[in-house]
Amino acid sequence: MKLKRFDCKGHIAGTDEAGRGCLAGPVTAAAIILPKNFGNEMLADSKKLSEKKRTLLKPILENVSLSYSVKHIFEEEIDEINILNASILAMHESLTHLTLRPQVILVDGNRFKPYSDIKYHCIVKGDDKYFSIAAASVLAKTYRDAYMSEIHLEYPAYNWKKNKGYPTAEHREAIRKYGLTKYHRKSFRQLPEQYALDL
């Protein structure tokens, strides 16, 4: 699907998160305000892009943006407030740290909570429809992937450099073998055969 611009007056902030379905690591959100005339043929929903293309796009988006921000919400807070609230909080935090105030917020997905008094639109599969949400998805994904690659060095047995904390067979086998780390989300069902691990 070809990305389009959202038509309205004033600054538009796109926001999206990455890592919501992971067993370990933070949920990460980005917010970005792009110039009105921005366009890029390579840009798409981050899930549809190769790691190489996301890496190429990251500095392009950062340099061309009028403002951008990326924020992590970590495991302890996810466990305390649940993943939906943590995802929305991450988006709110990223919006708060923009240096420009947007007049409209475009949110990927169908769930959000009012932010300040700014008008917002929830758009299902918005990262496949609008430039600003796709750009936010790329930033959220690249920053979170970089973080997971860092903590992989501390716990290489879980191979987070490759699986980024998602529930792959390899990741779950490592949990069976070695147990949970401080980076695992304790409120999540870590293994399919059990509803909770004995901690």
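The following paragraphs describe the sheet, the helices packed on it, the nonpolar cores and several individual residues of a predicted model.

The sheet is open and is formed by five strands, which follow one another in the order 3-2-1-4-5 with mixed pairing. Strand 3, residues 67-73, and strand 5, residues 119-123, stand at the edges with a single partner strand each, so that one side of each is left without a neighbour in the sheet. From one strand to the next the twist averages 20°. Strands of a sheet pair through backbone hydrogen bonds, in either a parallel or an antiparallel sense. In this model strand 1, residues 12-18, and strand 4, residues 104-108, run parallel and are joined by four bridges; along this pairing Gly-14 stands opposite Leu-106, and Thr-15 stands opposite Val-107. Strand 4 also pairs with strand 5, again in the parallel sense, over five bridges, and here Ile-105 is placed opposite Tyr-120 of strand 5.

Strand 4 is largely enclosed by the rest of the structure, because five of its five residues are buried. In a regular strand the side chains alternate between the two faces of the sheet. Both faces of strand 4 are covered, with Val-104, Leu-106 and Asp-108 buried on one side and Ile-105 and Val-107 buried on the other.

Two of the helices that pack against these strands can be described in turn. Helix 3, residues 83-96, lies across strand 1, strand 2 (27-33), strand 3 and strand 4, and runs at about 35° to strand 2. Helix 4, residues 131-152, packs on the sheet as well, touching strand 1, strand 2, strand 3, strand 4 and strand 5, and its direction makes about 40° with that of strand 1. The 14 residues of helix 3 reach 20 Å from the first C-alpha to the last, close to the 20 Å expected at 1.5 Å a residue, while the 22 residues of helix 4 reach 31 Å, close to the expected 32 Å.

Helix 3 is mostly covered, with 10 of its 14 residues buried; among these buried residues are Ile-83, Leu-84, Ile-88, Met-91 and Leu-95. The elements that cover the buried residues of helix 3 include strand 1, strand 2, strand 3, strand 4 and helix 2, which spans residues 75-81. In helix 4, 18 of the 22 residues are buried, so that this helix is largely enclosed by the rest of the structure.

The largest nonpolar core holds 32 residues, of which Ile-78, Leu-95, Phe-112 and Trp-160 touch the most other members. At least two residues of this core are supplied by each of strand 2, helix 3, strand 4, helix 4 and helix 6 (169-178), and helix 3 gives the most, with seven residues. Leu-95, when residues up to four places away in sequence are not counted, touches Ala-13, Ala-31, Ile-105, Phe-112 and Tyr-115. Apart from the largest core lies another core, of 19 residues, which includes Ala-18, Ala-30, Phe-131 and Ala-135.

Two further buried residues illustrate the surroundings of strand 3 and helix 4. Ser-69 has its place in strand 3 and, because its relative accessible area is 6%, it counts as buried. Leaving aside neighbours within four places in sequence, Ser-69 is in contact with Ala-29, Ala-30, Ala-31, Glu-93, Ser-94, His-97 and Leu-98. The C-alpha atoms of Ser-69 and Leu-57 are separated by 15 Å, although these residues are 12 residues apart along the chain. Tyr-147 is found in helix 4 and is likewise buried, with a relative accessible area of 16%; with neighbours within four places in sequence again left aside, Tyr-147 is in contact with Pro-26, His-72, Phe-74 and Tyr-183. Between the C-alpha atoms of Tyr-147 and Asn-82, which are 65 residues apart along the chain, the separation is 21 Å.

With regard to the cysteines, a search of the whole structure finds zero disulfides. Cys-122 is in no disulfide, and the nearest cysteine sulfur, that of Cys-8, is 15 Å away. At 33% relative accessibility Cys-122 counts as partly exposed, whereas Cys-22 is buried, with a relative accessible area of 0%.

Definitions and conventions:
Residues are numbered from 1 along each chain as its sequence is written. This is a predicted model: local features need pLDDT of at least 70, side-chain atom pairs count only at pLDDT 80 or more; totals for chains, interfaces and linings use all residues. Side-chain values use heavy atoms; hydrogens and water are left out. Two strands pair if DSSP finds at least two bridges between them. Axes are lines fitted to C-alpha atoms, for helices over the stretch in contact, and angles run from 0 to 180 degrees between N-to-C directions. Contact means heavy atoms within 4.5 Å. The expected span of a helix is 1.5 Å times one less than its number of residues. Buried means under 20% relative accessible area, exposed over 50%, partly exposed in between (1.4 Å probe, protein chains only). A disulfide is a pair of cysteine sulfur atoms within 2.5 Å. A nonpolar core is a set of buried Ala, Val, Leu, Ile, Met, Phe, Trp, Tyr and Cys residues joined through side-chain atoms within 4.5 Å.
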